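Here is a friendly walk through one protein model, from its overall make-up to a few chosen spots. Have the sequence and the 3D view open as you read.

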Amino acid sequence: MTQESAPVTDAHAVLRVIADRVGQGSRPGERRDGFRVALAIEGGGMRGTVSAGMALGLHDAGMAPAFDAVYGASAGAITGAWLLSGTPEHLNGWAEPAYAKAMIRLSNLWRRQPMVDVRNLVEHLYAEVLGMDCAAILANPIEYHPLATDAHTGTSTDLRPYLSGPAELRLALRASAALPFLAGPPVELGGRLFYDAGLAESVPYRTALAQGATHVLVLRSRPQPWPPAVTAAAGMTARPSYGARLIAATALRGYPEALRHSYFGRDSRLLEDDELLARYDRTGLAASLLAGAAEARSGPAVLSVRPAPDSPQVGRLTRDGRTLKAAMRAGRAAIDSVLAAVAQGA
């Protein structure tokens, strides 16, 4: 939960719907409540270990069938795939140093290869070593929606229409996590080029809402900033860092201005997301306390789950095993408080 939102025990609208579905044994594809409930998973490189811990907690508690769709950005897309794969226990791999080392290869800098080797992670570790069942993901009645950024328009793109088979699904995973410069060139899928989802939509709830979600549970990989950030709504925007300007001038140099503009706007959009999601947390609580169903259906309900402010600091390129395991535990602790509220409402 965010610092600014109400405690989960106050029956947020999102939790009430999940509790009702769990209590009734509702299954995807057989709903009777008229709602569309989505899970949106934030990424952020190895910071995705936090949201992976949350997703694993949902699975272990038997809550996954309450969702109609899973949206993932970057590392969140990878987590979403494992959650729907039939072997979600492999989400524990986020906390294993071998997992991080399969993706983050510092020695590649000397070989002039991408330091973040998403191809090796997906095509070797996942496909050959762990045997990710892509067919099971595609056949799951819970819709899978990995997001990426179109390299020519700079817009957030749902890759679900391109998932025609296992090979395309693996390409989608790579595209969603294709960080400029760090992970090499964009990934081609369906005749289009895609970069990391985080360039356009690092917290993938907007696409879920645009596609008709009535309730969205957002798994965040970042603690709430404290004191709360002053947002763009208050007249401030985040200035692109030197590193961002350098990447835009090198790795993104040959692409349209729209992509660089989207890339530069990442931090400002994150400020906007933080402010908007905090408002959703509060208004969802208010809606849940109304007695009439009409009021509850008047607009979408969105609830964010965040790790505690004192959670371990995990960076995009963190490989330390102790830190990653602590991050996984922080994610589990955050979702446990939500699950307790769901149990109370069931």
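## A buried serine

A residue counts as buried when its relative accessible area is under 20%. Ser-26 has a relative accessibility of 14%, so Ser-26 falls in the buried class. The structure here is a predicted model, and in it Ser-26 sits in the loop that runs between helix 1 (13-24) and strand 1 (37-41).

What does Ser-26 touch once its neighbours within four places in sequence are left aside? The contacts are with Arg-21, Arg-31 and Pro-65. With Arg-31 there is also a polar contact, side chain to side chain, of 2.8 Å.

## The chain as a whole

Stepping back, the protein chain has 346 residues, and 54% of them count as buried. Its secondary structure comprises 13 helices and eight strands. Among contacts with a separation of 6 or more, 77% are between residues 24 or more positions apart.

How confident is the predictor, and where should you take care? The mean pLDDT of the chain is 84, with 80% of residues at 70 or more. Residues 1-9 have a pLDDT below 50, and this stretch makes 25 contacts in the model beyond near neighbours in sequence. The pLDDT is also below 50 over residues 229-235, a stretch with ten contacts in the model beyond near neighbours in sequence.

## A histidine in strand 7

His-215 is a good place to look next. This residue belongs to strand 7 (residues 215-219). Is His-215 buried or exposed? His-215 is buried, because its relative accessible area is 4%, and the cut-off for that class is under 20%.

Not counting residues up to four places away in sequence, His-215 touches Ala-13, Val-14, Val-17, Phe-35, Arg-36, Val-37, Ala-38 and Ala-301. Its side chain also forms a polar contact of 2.8 Å with the side chain of Thr-214. Val-302 is 87 residues away from His-215 along the chain, yet their C-alpha atoms are separated by 5.7 Å.

## An enclosed helix

Helix 3 (residues 75-83) deserves a look of its own. Nine of its nine residues are buried, and therefore the helix is largely enclosed by the rest of the structure. The buried residues of helix 3 are Ala-75, Gly-76, Ala-77, Ile-78, Thr-79, Gly-80, Ala-81, Trp-82 and Leu-83.

## Space inside: the cavities

Now for the empty space. Rolling a probe the size of a water molecule over the atoms reveals where such space is left. Four cavities of 30 Å³ or more are counted in the model.

The largest cavity holds about 90 Å³ of space. It is lined by 13 residues, with Gly-45, Met-103, Val-116, Ala-177 and Leu-179 closest to its centre. By class, that lining has nine nonpolar, two polar and two charged residues.

## Space open to the outside: a pocket

The second largest pocket has a volume of about 340 Å³. Its lining consists of 20 residues, and those nearest the centre are Arg-47, Gly-198, Arg-222, Arg-266 and Arg-316.

Which element gives the largest share of this lining? That is helix 11 (residues 266-288), which supplies three residues. Sorted by class, the lining of this pocket has eight nonpolar, five polar and seven charged residues.

How values were computed. Residues are numbered from 1 along each chain as its sequence is written. Side-chain values use heavy atoms; hydrogens and water are left out. On a 1 Å grid over the protein atoms alone, a cavity is a set of points where a 1.4 Å probe fits but cannot get out, and a pocket is an open set with protein on both sides within 12 Å along at least five of seven lines; lining residues have an atom within 4 Å of a point. Grid points are joined across faces, edges and corners, and a volume is the space filled by probe spheres set on the points. Helices (H or I, at least four residues) and strands (E, at least two) are DSSP runs, numbered from the N terminus. Ala, Val, Leu, Ile, Met, Phe, Trp, Tyr, Cys and Pro count as nonpolar, Asp, Glu, Lys and Arg as charged, and the others, Gly among them, as polar. pLDDT is the predictor's confidence in each residue, from 0 to 100. Contact means heavy atoms within 4.5 Å. Buried means under 20% relative accessible area, exposed over 50%, partly exposed in between (1.4 Å probe, protein chains only). A polar contact is a pair of N or O atoms within 3.5 Å; within protein, one must be able to donate a hydrogen and the other to accept it, and residues adjacent in sequence count only if both atoms are side-chain atoms.
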